[in-house]
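Welcome, and please have your viewer ready. We will go from stop to stop, with something to select at each one.

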Amino acid sequence: MQILIAVAMLLCAPADHFEVESTQSYRVADLPISLTITAVDADGNVTPNFCGAANLEGVSKPTPTGPETITSTEPFTAGTVTLENVLIADVGFKVTSGEASGEWKPDLRSLPGWLSIMPPLAAILLALVTRQALIALFSGVYLGTFFIYDYNPLTALLRVFDTHLVAAAGDPDHASILLFTMALGGMVGILAKSGGTNALVEVLSKRARTKRSGMIMGWLTGMVVFFDDYANCLLVGNTLRPFTDKLKISREKLSYIVDSTAAPITSVALISTWVGYQLGLIEDLAGPDSSAYDLFLNMLPYSFYSFFTMFFVLAIAVTCRDFGPMLAAEKRAAGGKVLRDGASPMMDKELTEMEPPSGRDPHWSLAIVPIVSVILIVAIGLYASGVQAVGSDAGLRQIIANANSYAVLLWAAFGGSIIAAGYAIAKRTLGVNETVDAWVTGCKAMVIAALILVLAWTIGDICKVYLQTGPWVISQFSPSPQWIPAMTFVLCAVIALATGSSFSTMAIVIPIAGPMAWAATGDLSGIDPMVGESIRLATLSSVLGGAVFGDHCSPISDTTIMSSMSCASDHIDHVRTQAPYALVCGGTAILIGYIPAGFGVSPLITLPIGMLALGALVRFYGQPSSEA
């Protein structure tokens, strides 16, 4: 061993000094930054064989309980080491190793923290005012790059096109979602052209002849497709749209039912594509005698927003009562207009108005077989993918948690397209050329939605990676222990509203809010252990609930966009009509759920009370728009 150490020391090269440079040209307020330290020789060349670590002075790392001093770097690799997300003293910091040293002062251009919230805020306001999602999102993206690139308007515009849009579209997960969306749109095109969709509507119409039964069917379908929110949005909306149009249910109402059952049921399902992600975020908080999944199960009763939202959708469907903008939309639909005059549905009319070839008698199985195939492929694919990752000896929840959901969705969308095409040709409902044309038409119908998705991802990346919107918003909050769950819910709602991503919101907040709740309710806090347990579980659940709530109110959320797309609704109309209902459920979750939970009140008490309150609101404040 001593010989090996001696040889390693001989292979190491000393450094003359260290050079430090920032990985960015600016810093947002007093938030952490990233720096790269390079070991160089006397001639200024990189010393690739520099070994070991270097000592640091004036560097700290943010933690939930305050800054933690860092006294050394990680070992150098090829002569460099990067300090990720560190705080630097105003006078700068010093790095030393032996006789070699280097200094760096924080002379970066400083962006005020409030600027980080401006791009999403501008996009949301413009979307609501102009009702043009593309223009609003592009404006938000451009404003963000304008801040990043030293307020240079031309450089910012060029970087939008050649850097940020490319990065968002080129992300493997994003590319998978785009291909999944286009392929599923192609499958829907085949179903429409073959007449399978119309035939299915006729069958459903015999069993559900009223608006009430139609909306209840939409709710039930959303509950059944619990395993993935993306699949839920696209399958349920595309399947039910022709049926709900016939029942004179507005596209806004259908979009609301789809959107407000997709993420809520997926987020609390015992097995879903969300579970693995959530477990990965909370596993460090699980105690030595329990697992992350046990912690997840203990959190579920505190998922107030998800449970209240699913109940509220059912209450609206059963009573056929509405209020606010949704009431106006339903009254309009009762007169035969499922879309308002001048609306811009997120699906081309060529698809929604596609008619099957004349003289042919399509069967409802032309629609059911591909749709059921997609569901089965997703279910089987999740299991197969998970087994490939962790082996067949693992439990079912661990298998599903480790599955590659993006790959599985691609298998399902393209598999469904192939089955739809093959079945339509085999039944002699469509010829080969007609089938290909129908699939391409379905894909083309998704182009606008795909553009909006790319812009939404771009503004989300700008806020998360460059402007650090989430960390800045978090830095403005410091609640007392009893108020941590409620304040965390509000915080996550703001971040999800600004970034349009519930997954990003969870990744940003859980590593901070979780340890904060644990530290604030520890043995030395003086808080009753039962109350402390309630605070901790409610805090973790409030992250999830706030993220979903913010998504429901955000026009730049991917699931909100997909709901508008699959239901062929005007996207801004969907957001305008859904937001008041989301606010009601969110407010109920805070007032009846998270605030009492912060003081130790059991969710077994507050969940029924909240549902009764929501039911009473619908019954006595809502108004019927037409005959049920």
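Before selecting anything in particular, keep in mind that this model is predicted. A search for disulfides makes a quick warm-up: the structure holds zero of them.

**Stop 1: two cysteines**

Select Cys-443 and show its sulfur. The closest cysteine sulfur belongs to Cys-567 and is 19 Å away, which is too far for a bond; a disulfide would need the two sulfur atoms within 2.5 Å. Cys-443 counts as buried because its relative accessibility is 9%, and the cut-off for buried is under 20%.

Now move to Cys-492. Here the closest cysteine sulfur is that of Cys-553, at 14 Å, so this pair is also too far apart for a bond. With a relative accessible area of 0%, Cys-492 is buried.

**Stop 2: strand 1 and its partner**

Next, select residues 17–22, which form strand 1, and turn on the side chains. Which of them are buried, and which are not? The side chains alternate along the strand: Phe-18, Val-20 and Ser-22 share one face and are buried. His-17, Glu-19 and Glu-21 point to the other face and are not buried.

Add residues 33–40, strand 3, to the selection. Strands 1 and 3 pair in the antiparallel sense, over six bridges. To find one matched position, start from Phe-18 and look across to Ala-39, its bridge partner in strand 3.

**Stop 3: an open sheet of three strands**

Clear the view and select strand 4 (residues 55–57) with strand 8 (residues 93–97). Then add strand 9 (residues 100–104). Together these make an open sheet in the order 4-8-9, with antiparallel pairing. Strands 4 and 9 are the edges: each has a single partner strand, so one side of each is left without a neighbour in the sheet. Ignoring direction, neighbouring strands here are turned by 15° against each other on average.

Strand 8 is a good place to walk across the sheet. Three bridges join strand 8 to strand 4, and five bridges join strand 8 to strand 9. Pick Thr-96: Asn-55 stands opposite it in one direction, and Ser-101 of strand 9 stands opposite it too. Another pair to label is Lys-94, which stands opposite Glu-103 in strand 9.

Finish at the hairpin of strands 8 and 9, where two residues lie between the strands. Gly-98 takes a positive phi there, near 65°.

**Stop 4: helix 15**

Select residues 365–390. How far apart are the end C-alpha atoms of helix 15? They are 37 Å apart, and this agrees with the 38 Å that 26 residues should span at 1.5 Å a residue. Colour its buried residues, among them Leu-366, Ala-367, Pro-370, Ile-371, Val-374, Val-378 and Leu-382. Just after the helix comes Gly-391, with a positive phi near 90°.

**Stop 5: the largest cavity**

Keep helix 15 on screen and switch on a cavity display. The count comes to two cavities of 30 Å³ or more, and the largest holds about 100 Å³ of space. Which elements give two or more residues to its lining? They are helix 5 (172–194), helix 6 (196–207), helix 8 (229–246) and helix 15.

To see the lining itself, select Leu-184, Met-187, Val-188, Leu-191, Thr-197, Leu-200, Leu-234, Leu-235, Asn-238, Thr-239, Ala-367 and Ile-371. Ala-367 and Ile-371 also appear among the buried residues of helix 15.

Conventions. Residues are numbered from 1 along each chain as its sequence is written. This is a predicted model: local features need pLDDT of at least 70, side-chain atom pairs count only at pLDDT 80 or more; totals for chains, interfaces and linings use all residues. Side-chain values use heavy atoms; hydrogens and water are left out. Buried means under 20% relative accessible area, exposed over 50%, partly exposed in between (1.4 Å probe, protein chains only). Helices (H or I, at least four residues) and strands (E, at least two) are DSSP runs, numbered from the N terminus. Two strands pair if DSSP finds at least two bridges between them. The expected span of a helix is 1.5 Å times one less than its number of residues. Axes are lines fitted to C-alpha atoms, for helices over the stretch in contact, and angles run from 0 to 180 degrees between N-to-C directions. On a 1 Å grid over the protein atoms alone, a cavity is a set of points where a 1.4 Å probe fits but cannot get out, and a pocket is an open set with protein on both sides within 12 Å along at least five of seven lines; lining residues have an atom within 4 Å of a point. Grid points are joined across faces, edges and corners, and a volume is the space filled by probe spheres set on the points.
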